[in-house]
Structure formats: structure tokens, C-alpha cells
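Work through the following exercises with the coordinates open, and try each task before reading its solution.

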Amino acid sequence: MNKAPLRWSDVTPRHLWLNRRAFIAGAGAAAVAGPAVAGLTYSPSAYSTSEEPNSLEEITSYNNFYEFGTGKEDPSRNAGALTTDPWSIVIDGLVDRPGSYDLADVLKDQPLEERIYRFRCVEAWSMIIPWIGFQLSGLLNRVGVQPGAKYVAFETLVRPEEMPGQQSPILDWPYREGLRLDEAMNPLTILATGLYGEVLPNQNGAPIRLVVPWKYGFKSIKSIVRISLVAEEPPTTWNMLQPSEYGFYANVNPTVDHPRWSQASERRIGAGLFGGRQDTLMFNGYEEEVASLYSGMDLAKFY
Amino acid sequence: MDRLNALSRRVPVNAVYLAGVLPFLWIVWLTLTNGLGPDPVKAIELRLGELGLQFLVAGLAITPLRWAGLNLIRFRRAVGLLAFFYVSMHLLAWVTLDMGLRWEQMAADLVKRWYIIIGMLAFATMIPLAVTSTNAAIRRLGPAAWNRLHRLVYVSALGGAIHYLMLVKAWPVEPLAYLAAVVVLLGLRLWRHGRRQVAQSA
């Protein structure tokens, strides 16, 4: 049945996890989930792509998460020690109900959906990832965005004793990211808490991370502990490090190259040894949903 | 040191060639057994490139080691040719596996991307060195001209290390370590050259 040789993407065949999902849905997640496995309850989404997702192994062993080291396999190796419970998020700035919210409180009443998104790294590789999450707009509406707020700023946890990468100053910790308010309110923008129907593995940004599928991956900040509504464009980590290479917007754009390499094409992880490349799509294929956010803007200038 | 020299004289040059291709066979083995992780293409490319740099650094170390009394000059040709082999394989992996024979994009990159221009330049400087690596070529060129020509390897090694540093994000340790090794090994030559000139003019 299987063709030899086996590839990484064969490890979790689509029909298997589809089965597992149906099983969980049918029998009740709490009743069948093993002690270490927390199955999530969620609904499908019209925003999902029909493309074949990468295997769980690929998604969880090939990560850029410099808090755990600069190598792609460092996060899967080093992230196990991260404590994600208890977890709270400070929501502050220009909001009606600021405060330190427990994670359970952040998630309360937010409907979880599966969003199977394309994920395009600024390094010109890509994956298809079945996130579980909810729209950021739902949370922002709940805490009440004040009229003066124009941007949303995010921060990752700083805990060098559990995040060994933070023991060296390779980036200016904490990792910071930001969105314009209209980008944050776009229905494609989600806070993800799961992957493949289960809670997010640590190396993917547990317990809660941003996913902005039309932007390069570094915008999708992981392990968030702070969300601030602000009036001015907030400083963002990669932009602070090399402003000529990493812009605030960082929209996926095959016509605007990184100064050192081309963004015209990408390699799909899991495509195999001779999988070659595919053309990168404008806004990572989400042009219809987000192009209007940038009408009239010079995207070569606001890269 | 004398014992080390005596020991090295007992090692046949072919053993260096044999040991030098073992990492290549290891990469082939890992590729066939899915041992290179989710992105085998990048892993192959990176390993081949790093091996090329390692042999370049090893080749550059031979002369300073001789100043210190350890004579490994017999192995220098093997080390140099192995460096050329790995750099060639690295380029081949880029053209076929990474770029998937997208000639147009490669051609555009070749005139626009500094890391590719510098990497390609470093490879190009190794071609005449590999071609003139035979005894016959040394005789034909004469030792003085041959030595002058083979100083091109300074460009290859420096170019290779800069190429690596230019394609990474932020400042990870590995490319900095290779560049530091090359700079130190070339710096030692400059330093010795300077001292000799002072000695001559005195």
C-alpha cells in the first residue's frame, strides 16, 4: 500500500487524523482523550485551504523559535521544559477593560475553529498547517478597543531559565510584534491554541500564539504574554535588528525581494528531495481577503 | 612534534582521500534513511557547504602548522581536492534540489544577490586550482607561478565564509566561527610576511 521509500509526511497520513477527529467528535473529546492528550472541540472554517497539510512531525520538528535556539530542530529539543500552565496575558493600553487575564479567561466564549492555512517563512520555505484557534477580533471586541488605538503590540514570554535561547542576546528580548488595528481585526487573523485538533505543542508557541497567514512567519508571534492597544506603530523585533531587511508590514509578496534573497518562489517542506519550488503567491494566496487593507500603499516602500 | 611527524609519514595519502569521502557517504546514507529531518534539501546543502569550508580551513592550516614544526604538506593536495569536491556538490545541490533547475531565477540571483555572487566567485576561484593540481601542471607552470596561482585559495576560503554569513538571519555562531578561522589563518600569513619584510630591511 505504501510506496517506498517513506517520507516524513507519510508519518501522519491525512485519513488517519481525519478518522481520529471524527472519532473524537463522535465519542466526546473528554471521554476518549488519553491523559496527556487534550483534544479540542472546534468547527471547520471556510477560510481553510483544501491543500494537503504537512505532517504533525514536520510542523513540530522544523521551527524558528529563537527563544529555544537558532537551529530548526532546537525548539522541538528544548521547548519541553516550558511551563504553560498557569499562563496569563496582560492586556493593556487603549482598552476599556485592561488587566491581567488568565488564559482560561482569554479563551472564554471564543469559538474555536480549525484554520488550515498556508504558512510562508521569510526564508522562502512554506508549509500547510491545520491550526486551531479563534479570531483575534473576538478578543479585542471583548476587552473594548478605544477610539485612539491604531495598532496592536504583542510580546512573548521572557523566562531564560526555561527558554535557553534567551540566555544569549541574539535578539533583543522580549520578542515583539505588531499589527495595524485593521489587520488585527481581519477575520483571517487568529490566536491559535491548537494544532491537528490538539493543544499547541510548546515548540509551536504554546499555549497561545498569533497566526497572520498573509504575512511572513516571523509576524506570527508565539507564547504571547502581553497584548497592548497603542496609538503609534510599535517596535518589532526583526525590524529593530535589521530594518532594511524586515519591515513592519512583512506581507508575503513575490515581487518585493528580501535584500539578500529572492521571494519569488518557495520550497514546500515535505515535497521530497526532488520536489523543487513553487511560485510564491501575492499575500500568500490571501489576496482576495486582505488586498483592500493596502490599497493605495506602495508595498515596495512599506515592505 | 618529531613523533607526530614520524606518525604522519606512515599515513598514506590515499587514506586521507578515503576518510574525506566518508562524510559524503554519511550524507547519502542519511538521505536514503530519512535521517535528515523534515527539510532534507536544506540539510544536504548546508552539510556539503560546511564540509567544503572545513576542508578549505584545514588546507589553510597546513602552512602555519609547518611553521610550528608539523609537516602535513603531503596531504595538502588531497585536502584541497576534497574541498573542491564538497563545494562542487554543494553547488550541484543548490542548482538541482534547492532551486529545482529554475534557471531564470538562478540567473537573476547570480547578478543580484551578493551571497550568491560571492559564493559563485569562491567556487570559480577553485576551478583553476583543481585543474592545476597534478604533478604535470606543477612542472609546466613552474613552482613559483604555481604557488602564486594557488594563493587564489585565500579568495575561495574568505568568499566561502562570507557567503555563509550573508545567507543567515541574525548572527548565529557557525558562520562566524568559519570566518574567524579563515581570518586568523590568513592573518598569520600577513603577520609573518610583515615580520620578514622588517627583518629584510633591517
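**Exercise 1.** Determine which residue follows helix 4 of chain B and what its phi is, and compare the end-to-end reach of helix 4 with the expected span.

*Solution.* In this predicted model, helix 4 of chain B is followed by B:Gly100, whose phi is positive, near 55 degrees. The helix itself occupies residues 76-98 and has 23 residues. From its first C-alpha to its last it reaches 31 Å, which is close to the 33 Å expected at 1.5 Å a residue.

**Exercise 2.** Describe how helix 3 of chain B packs against helix 10 of chain B, giving the angle and the distance between the axes, and then list the residues that meet.

*Solution.* Begin with the geometry: helix 3 (residues 40-67) and helix 10 (residues 173-201) of chain B pack at about 25 degrees, and their axes are 10 Å apart. Because angles under 35 degrees count as roughly parallel, helix 3 of chain B is roughly parallel to helix 10 of chain B. The handedness comes next, and the crossing of these two helices of chain B is left-handed.
Turning to the contact, helix 3 of chain B contributes B:Glu50, B:Leu53, B:Gln54, B:Val57, B:Leu60, B:Ala61, B:Thr63, B:Pro64 and B:Trp67. On the side of helix 10 of chain B, the residues that meet them are B:Glu174, B:Tyr178, B:Ala181, B:Val182, B:Leu185, B:Leu186, B:Leu188, B:Arg189 and B:Arg192. Sorted by class, the residues of this contact between helix 3 and helix 10 of chain B are twelve nonpolar, two polar and four charged.
As a check on the spacing within such lists, recall that an α-helix has 3.6 residues a turn, so residues three or four places apart point the same way.

**Exercise 3.** Repeat the analysis for helix 3 of chain B and helix 9 of chain B, stating the angle, the handedness and the residues in contact.

*Solution.* Helix 9 of chain B spans residues 152-167, and it packs with helix 3 of chain B at an angle of about 145 degrees, the axes being 10 Å apart. The crossing of helix 3 and helix 9 of chain B is left-handed. From helix 3 of chain B, the residues involved are B:Leu46, B:Glu50, B:Leu53, B:Leu56 and B:Leu60, and they meet B:Val153, B:Tyr154, B:Ser156, B:Ala157, B:Gly160, B:Ala161 and B:Tyr164 in helix 9 of chain B. The class count for this contact between helix 3 and helix 9 of chain B is nine nonpolar, two polar and one charged.

**Exercise 4.** Relate the UniProt annotation "domain: Ferric oxidoreductase" on chain B to the secondary structure of the span that it covers.

*Solution.* According to UniProt, in an unreviewed entry, this domain covers residues 63-159 of chain B. That span is 81% helix and 0% strand, and its end C-alpha atoms lie 20 Å apart. The UniProt entry, also unreviewed, places "transmembrane region" features on chain B, including residues 113-131 and 176-191. Residues 113-131 of chain B are 95% helix and 0% strand, with end C-alpha atoms 28 Å apart, while residues 176-191 of chain B are 100% helix and 0% strand, with end C-alpha atoms 22 Å apart.

**Exercise 5.** Locate the cis peptide bonds from A:Trp173 to A:Pro174 and between A:Ala206 and A:Pro207.

*Solution.* The bond from A:Trp173 to A:Pro174 has omega near 0 degrees, and A:Pro174 lies in the loop between strand 5 (151-156) and strand 6 (176-180) of chain A. For the bond joining A:Ala206 and A:Pro207, omega is about 0 degrees, and A:Pro207 lies in the loop between strand 8 (198-199) and strand 9 (209-211) of chain A.

Key:
Residues numbered from 1 in each chain as written. Chains lettered and ligands numbered in written order. Predicted model: local features only at pLDDT ≥ 70, side-chain atom pairs only at ≥ 80, totals over all residues. Heavy atoms only, no water. Axes fitted to C-alpha atoms, helices over the stretch in contact; angles between N-to-C directions. Helix = DSSP H or I, 4+ residues; strand = E, 2+ residues; numbered from the N terminus. Parallel < 35°, antiparallel > 145°, perpendicular 65-115°, else oblique. Left-handed = near helix turned anticlockwise from the far one by under 90°. Contact = heavy atoms within 4.5 Å. Nonpolar A, V, L, I, M, F, W, Y, C, P; charged D, E, K, R; others polar. Expected span 1.5 Å × (residues − 1). UniProt positions renumbered as here; feature names shortened; annotations may be inferred.
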